[in-house]
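Ready for a few warm-up exercises? Have a look at the model first, then work through the tasks one by one.

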Amino acid sequence: MGNTHTEIIREFDRLIRRDPGKRGLISSEVHSGPLCYDHLLQSAHELKQNASQVVIATGFYVPSSEIPAAETDGPPGAILLALVLEACGINTSVITDELCAPVVASTVEAFSYPPSQLNVLSTDQSDWVESFFSRQSISHLISIERVGPSHTPDSFELQQRASRDVCTDIPRAEFQKKVPRDHFDRCHNMRGEIIDEFTAPLHQLFERLSEFFPEARTIGVGDGGNEIGMGAVSWEELDRRIDSEYSGLIPCRVATDWNIVAGTSNWGASALAAAVALLNAQTDVLFQWQREEQQKVLESMVREANAVDGVTKQREATVDGLPFLTYMQPWEGILTILAR
């Protein structure tokens, strides 16, 4: 790959690193530097070079909305990424849980993605992880806006840090102060509420992947800090950046090999799709998904499955409380770059 592709993908990365929702992870980069720098570039290369069978997990349930349902952030990005990978000759499937299934299935239909490639996992049986992995071969497992459990003292200690000197005692003391025992290893929303009751433990697929496929690699995409993949960033770094009184509870402990941070997870997934398409000389497929087509997808998710905006908790065709034109800006910026 030439430097031109590198710079183009880095421009994609800059486009998705904006924080209109005021989550803090992106806006803090102005003073503290970018999180997971070049992970978009590196993960796109990884998929280009080594992907054969990619499984994408998505779906974030919002139990406190007027009509409880999964949110609009996550499934559109996941299905768009799957379609682009397929266009590049990479086999894909998508997984979600039973509560999120109606919204993900409606997204599958709106994108005309093969419904046979959507797996709805029931985690009631003790061997559900083994059962899922026994049915297929996996080269890469990707999470798009999928909540994962919070830190425990053990996971905090196991995280990789630049220094293991006495300064480590400072974040350890902060962790002990900010994370009560009853919040250990729990899935939280951005309001610091425990949502385990509404979240199937799909994160176990990421934690146990290497038992079944030692060479498989993982990618996470998130925007708030509580998503699978964010364990690649230290607890104290996320605690410092997340703009919330619950900043200590929110960070997910589950790490991925690469972790893409964006203003919305749909932006991160779409940028990854565009980067892989660029590396595979398949960018024409991206132009099928202009503003009008993407709006139809969101409207279909709401109409057919009561999808909700994850920030407003309203049944509306918006993502993270953003006006639609604002939401479309990074994607349209990517298409503009590719059209030059």
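**Exercise 1.** Is F133 buried or exposed?

*Solution.* This is a predicted model, where local features need pLDDT of at least 70, side-chain atom pairs count only at pLDDT 80 or more, and totals for chains, interfaces and linings use all residues. Residues are numbered from 1 along each chain as its sequence is written, and side-chain values use heavy atoms, with hydrogens and water left out. Start with the cut-offs: buried means under 20% relative accessible area, exposed means over 50%, and partly exposed is in between (1.4 Å probe, protein chains only). F133 has a relative accessible area of 3%, so it's buried.

**Exercise 2.** Find the ring that pairs with F133, and say which parts of the chain the pair ties together.

*Solution.* Rings of Phe, Tyr and Trp (its six-membered ring) pair if their centres lie within 6.5 Å; planes under 30 degrees apart are stacked, over 60 edge-to-face, and the rest tilted. The partner is F213: the pair is edge-to-face, with 5.8 Å centre to centre and 80 degrees between the planes. Next, place the two residues, remembering that helices (H or I, at least four residues) and strands (E, at least two) are DSSP runs, numbered from the N terminus. F133 sits in helix α6 (residues 128-134) and F213 in the loop between α9 (203-212) and β7 (217-222), so parts 80 residues apart in sequence get tied together. F213 is buried too, at 15%. Finally, zoom out: F132, F133, F212 and F213 make up one aromatic cluster.

**Exercise 3.** What kind of salt bridge partners are E11 and R14, buried or partly exposed?

*Solution.* A salt bridge needs a side-chain nitrogen of Lys or Arg within 4 Å of a carboxyl oxygen of Asp or Glu. The E11 and R14 side chains manage that at 2.7 Å, N to O. Both belong to helix α1 (residues 3-16), and being three residues apart puts about one helical turn between E11 and R14. E11 comes out at 26% relative accessibility, which makes it partly exposed, and R14 is partly exposed at 48%.

**Exercise 4.** Which residue forms a salt bridge with E29?

*Solution.* It's R17, with the closest N and O atoms 2.5 Å apart. E29 lies in helix α2 (residues 29-32) and R17 in the loop between α1 and α2, so the bridge ties together parts 12 residues apart in sequence. As for burial, E29 and R17 are both buried. To finish, the count for the structure is 21 salt bridges.
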